[in-house]
Amino acid sequence: MRPLLITILVFAGILLLPYTVPTPPDRELNATQLRQEAAGHNLHPIPRTREGLLHLVDTADNPLTPEKIALGKRLFFDPILSRDRTVSCASCHILQEGGDDNRPAAVGYKGRVNPHHLNSPTVLNAALERYEFWDGRVHTVEEQAGGPIQAHFEMNLTPREAVERLRNDRSYREAFGQVFGENNITFANIRRAIGAYERTLLTRGPFDAFLEGNDTALSPAQKRGMTRFLERGCAGCHAGTSVGGQFVKRFPLRRYWDDYLGFSLFPKFYWKRSEFPFDNVGDFHGRDGHDFFRVPVLRNIARTAPYFHNGAVKDLHEAVRIMSKYQLGREFTPAEINDTVEFLKSLSGKPVDYGYDRK
């Protein structure tokens with residue numbers, strides 16, 4: 001029995017070792033150091049000017065023009081692209097609500113719910129992402145724009161039907177002719193126009209002002225939260241001007257015994273069914289079914305609850321706790337979570353007026 005007891009004690013000691021090693025304190029970074037660390041993760045401010053916008057998001061495949069953006073905006077808000085003419089892009093991407101619809105799962109044509117219980121990611125700043133959709137299967141807002149139009153549970157039109165509808169509308173024939181030339185109402189050009197408008201939907205907040213040199217733009221709590229965000233590894237995945245959307249990563253990265261093994265009297269032990277650190281609603285497992293998901297954009301995250309791919313978590317504090325535990329392997333304390341949430345609030349902002357509505 002003694003060797004068995006020793007083995008058990010050694011095994012238990014190994015398991016408890018991470019909990020006995022003292023956690024080193026975070027470095028105290030001043031404003032200049034915070035900006036330098038942010039720049040190291042390509043965390044840059046959203047531009048204020050049209051010239052800055054074009055430098056950041058314009059593309060040779062879909063050059064931005066005032067006329068194309070105006071056409072895309074019209075299509076974005078027009079339910080003409082849904083089968084029963086009741087759903088538009090703006091139905092699930094409410095610009096005044098953070099660019100999403102604040103629902104756990106997207107609702108489309110005739111009240112149909114996404115079959116995988118996936119919620120609508122924000123459209124704000126989406127043009128800065130390298131990957132679109134929860135599984136990151138496409139790379140541009142132009143590619144993404146065609147998906148909801150065709151999805152049977154969203155707008156439910158075929159590309160041919162969408163083209164025919166617009167060709168039957170005189171004002172759209174004129175608008176497409178002005179932008180793309182005569183007889184150029186194609187599904188590809190529908191996507192290009194919507195994508196052009198979405199490329200202008202960038203937002204600025206206190207975070208941007210701080211990066212530009214305004215030391216008072218962030219509160220002390222927000223600066224502590226930003227320090228933790230940078231020092232603990234959050235910015236390793238939530239990088240880029242969009243603060244996310246640049247990678248497809250495994251989630252959850254870490255597993256814990258208590259995720260699978262619970263304690264109860266009836267029965268004494270049981271195996272949990274959820275494969276996530278929250279209810280596995282929708283049974284969606286990301287890219288190729290291997291739990292790889294597009295890293296979400298954190299700009300306006302305080303306005304886009306509920307969280308995660310299936311909207312299973314309503315509270316931002318809980319979302320931060322889950323990420324610290326399951327992605328970083330070091331669960332934040334309540335005080336650390338509060339500071340981090342305060343920093344995330346600084347990422348909220350209003351769409352920048354680049355003057356395209358005024359041409």
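**Helix 9 and its surroundings**

Reader: Against which helices do the buried residues of helix 9 pack?

Author: In this predicted model, the residues of helix 9 that are buried are Phe-187, Asn-189, Ile-190, Ala-193, Ile-194, Gly-195, Ala-196, Tyr-197 and Glu-198. The partners against which these buried residues pack are helix 4, helix 5, helix 6, helix 7 and helix 8.

Reader: Why is helix 9 described as largely enclosed by the rest of the structure?

Author: A residue counts as buried when its relative accessible area is under 20%. Helix 9 has twelve residues, and it is largely enclosed because the number of them that are buried is nine.

Reader: How many Å should helix 9 span, and how far apart are its end C-alpha atoms?

Author: The expected span is 1.5 Å times one less than the number of residues. For the twelve residues of helix 9 this gives 16 Å, which agrees with the distance between the end C-alpha atoms, 17 Å.

Reader: At what angle do the axes of helix 6 and helix 9 cross?

Author: Helix 6 covers residues 141-150 and helix 9 covers residues 187-198, and their axes come within 8 Å of each other. Helix 6 passes helix 9 in a right-handed crossing. The angle between the two axes is roughly 115°.

Reader: How many nonpolar, polar and charged residues does the contact of helix 6 with helix 9 have?

Author: On the side of helix 6, the residues that meet helix 9 include Val-141, Ala-145 and Ile-149. On the side of helix 9, Phe-187, Ile-190 and Ile-194 are among the residues in this contact. Sorted by class, the contact has seven nonpolar residues, four polar residues and five charged residues.

Reader: Which helix gives the largest share of the largest nonpolar core?

Author: The largest nonpolar core has 40 residues, and Leu-75, Leu-81, Ile-149, Leu-166, Phe-176, Ile-190 and Ile-194 are those with the most contacts inside it. Two or more residues come from each of helix 3, helix 4, helix 5, helix 6, helix 7, helix 8 and helix 9. The largest share is six residues, and it comes from helix 9.

Reader: Which residues does Leu-75 touch, not counting residues up to four places away in sequence?

Author: Leu-75 is one of the residues with the most contacts inside the largest core. With residues up to four places away in sequence left out, Leu-75 touches Leu-81, Leu-166, Tyr-172, Phe-176, Ile-190, Ala-193 and Ile-194.

Reader: How many residues are in the second, separate core?

Author: This core is separate from the one just described, and it includes Ala-235, Phe-251, Phe-276 and Ala-319. Its number of residues is 39.

Reader: Is Thr-241 buried or exposed?

Author: Thr-241 is in the loop between helix 12 and strand 2. Beyond its neighbours within four places in sequence, its contacts include Asn-42, His-44 and Arg-299. Since the cut-off for burial is under 20%, a relative accessible area of 12% makes Thr-241 buried.

Reader: How far apart in space are the C-alpha atoms of Thr-241 and Asn-42?

Author: Thr-241 and Asn-42 are in contact, although 199 residues separate them in sequence. Their C-alpha to C-alpha distance in space is 6.3 Å.

Reader: Which proline follows Ala-305 through a cis peptide bond, and what is omega there?

Author: Most peptide bonds are trans. The bond from Phe-251 to Pro-252 is cis, with omega near -5°, and Pro-252 lies in the loop between strand 2 and helix 13. The bond that joins Ala-305 and Pro-306 is also cis, and its omega is about 0°.

Reader: Is Asn-125 buried or exposed?

Author: Most residues other than glycine have a negative phi. Asn-125, in the loop between helix 5 and helix 6, has a positive phi near 70°. Its relative accessibility is 0%, so Asn-125 counts as buried.

Reader: What is the relative accessibility of Arg-85?

Author: Arg-85 lies in the loop between helix 4 and helix 5, and it has a positive phi of about 55° although it is not a glycine. Arg-85 counts as partly exposed because its relative accessibility is 48%.

Reader: Against which helices do the buried residues of helix 15 pack?

Author: Helix 15 covers residues 334-345. Among its buried residues are Ile-337, Val-341, Phe-343 and Leu-344. The helices against which the buried residues of helix 15 pack are helix 10, helix 11 and helix 14.

How values were computed
Residues numbered from 1 in each chain as written. Predicted model: local features only at pLDDT ≥ 70, side-chain atom pairs only at ≥ 80, totals over all residues. Heavy atoms only, no water. Axes fitted to C-alpha atoms, helices over the stretch in contact; angles between N-to-C directions. Helix = DSSP H or I, 4+ residues; strand = E, 2+ residues; numbered from the N terminus. Left-handed = near helix turned anticlockwise from the far one by under 90°. Contact = heavy atoms within 4.5 Å. Nonpolar A, V, L, I, M, F, W, Y, C, P; charged D, E, K, R; others polar. Core = buried A, V, L, I, M, F, W, Y, C linked by side-chain atoms within 4.5 Å. Buried < 20%, exposed > 50% of the residue type's maximum accessible area, 1.4 Å probe, protein only.
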